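The following paragraphs offer a guided reading of a single protein model. Please keep the sequence and the structure in view while reading.

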Amino acid sequence: TIEDSGKAADKFISSLELFTLEADTISRKWCKEKKIGADGFLQMSFQLAHEKMHGHTVSTYESASTSAFKHGRTETIRSATPEAAEFAKIFVKGASKVELAASAKKAITRHGEITKDALMGKGVDRHLFALRTMAEEQGLSIDLFTDKTYQTMNKIILSTSTLSSPALFAGGFGPVNEDCYGIGYGINDEAFRVGVASYHRGSKEFVNAVAESAKEMREVLE
């Protein structure tokens, strides 16, 4: 019935929580002055926020446009690099300001490198997806695609997408599974915005952790 459909829709809507952050802790202008990648800075703030909340690094997706190629759509930027994991752990554990700054810069620089690779078609996700699809169509069982590590890599916990445009005031990016945080974000010359959606996994706490992480990172990078 229409009533039952309405109740089902309400239940589904209420299963999702969304909290937002707008702060002038950093801006694109500040990042440029410090010669720090703005996107890398924010991605590392997400890594640090998750480390603060859950104590470990998780599989992370960031979309990269491959529109430079004919029929190009997207590739995945795997933000959770070894450098990012090391950075998050050292920030939580504590170290000297010099060590923290060096770790943050190393992680942000590495993020910039893998971003360029993804934009130029040098990512791995779309290639592996095509191989997996071809194997499935031919009825082939490939060990790689049933491996636990591959399964973990493909369960995205931080699913992120930048929404930087003067035409946009705000936006969102939904979680792709029950354990995921969907993070839509943007940065301009004055401030940055982050929206975190999840199936009641603590979106508000995550937003607060991002705010705290961005502040801590700025302090050591000044």
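Glu 51 is buried, because its relative accessible area is 7% and the limit for a buried residue is under 20%. The model in which this residue sits is a predicted one. Glu 51 forms a salt bridge with Lys 89, and the closest N and O atoms of the two are 3.4 Å apart. Glu 51 belongs to helix H3 (residues 38-54) and Lys 89 to helix H4 (residues 82-93), so this pair ties together parts that lie 38 residues apart in sequence. Unlike the buried Glu 51, Lys 89 counts as partly exposed, with a relative accessibility of 42%.

Helix H3 also takes part in a second such link, formed by Lys 52 in H3 with Glu 212 in helix H9; the pair connects distant parts of the chain, 160 residues apart. In this salt bridge the closest N and O atoms are 3.0 Å apart. Both partners count as partly exposed: Glu 212 has a relative accessibility of 42%, and Lys 52 has one of 30%.

Beside Glu 212 in sequence stands Ser 213, which is likewise found in helix H9. Is Ser 213 buried or exposed? Ser 213 counts as buried, because its relative accessibility is 0%. When neighbours within four places in sequence are left aside, Ser 213 is in contact with Ser 45, Leu 48, Ala 49 and Lys 52. Lys 52 therefore appears twice in this region, as a contact of Ser 213 and as the salt-bridge partner of Glu 212, in a pair that joins H9 to H3.

The sheet provides the next point of reference. Six strands form an open sheet of mixed pairing, in the order E1-E6-E5-E4-E2-E3. Strand E1 (17-23) and strand E3 (74-77) stand at the edges with a single partner strand each, so one side of each has no neighbour in the sheet. On average, and ignoring direction, neighbouring strands are turned by 25 degrees against each other. Within the sheet, strand E4 (residues 158-162) and strand E5 (residues 181-187) pair in the parallel sense over five bridges. Ser 159 has Gly 182, in E5, as its bridge partner.

Helix H9 packs on this sheet, where it touches E1, E4, E5 and E6, and its direction makes about 20 degrees with that of E1. Helix H6 lies across strand E2 (60-65) and E3, and runs at about 115 degrees to E3.

H6 carries a salt bridge of another kind, within one helix. Glu 136 and Arg 132 are four residues apart in helix H6 (residues 125-137), which means that about one helical turn separates them. Their closest N and O atoms are 3.9 Å apart. Glu 136 counts as exposed at 55% relative accessibility, whereas Arg 132 counts as partly exposed at 25%.

How many salt bridges does the model contain? The count comes to 12. Lys 34, Arg 218 and Glu 222 are linked in a network of such bridges.

The surface also has a nonpolar feature. Phe 12, Ile 13, Leu 16 and Tyr 199 make a nonpolar surface patch of about 410 Å². Tyr 199 lies in the loop between strand E6 (192-198) and helix H9 (203-221). At 31% relative accessibility Tyr 199 counts as partly exposed, and it can belong to the patch because residues of a patch need over 30%.

Note on methods: Residues numbered from 1 in each chain as written. Predicted model: local features only at pLDDT ≥ 70, side-chain atom pairs only at ≥ 80, totals over all residues. Heavy atoms only, no water. Patch = residues over 30% accessible without salt bridge, like charges linked within 9 Å, V, L, I, M, F, W, Y side chains within 5 Å. Areas by Shrake-Rupley, 256 points an atom, 1.4 Å probe, with all protein chains shown as cover. Salt bridge = Lys/Arg side-chain N within 4 Å of Asp/Glu carboxyl O. Helix = DSSP H or I, 4+ residues; strand = E, 2+ residues; numbered from the N terminus. Buried < 20%, exposed > 50% of the residue type's maximum accessible area, 1.4 Å probe, protein only. Contact = heavy atoms within 4.5 Å. Pairing = 2+ DSSP bridges. Axes fitted to C-alpha atoms, helices over the stretch in contact; angles between N-to-C directions.
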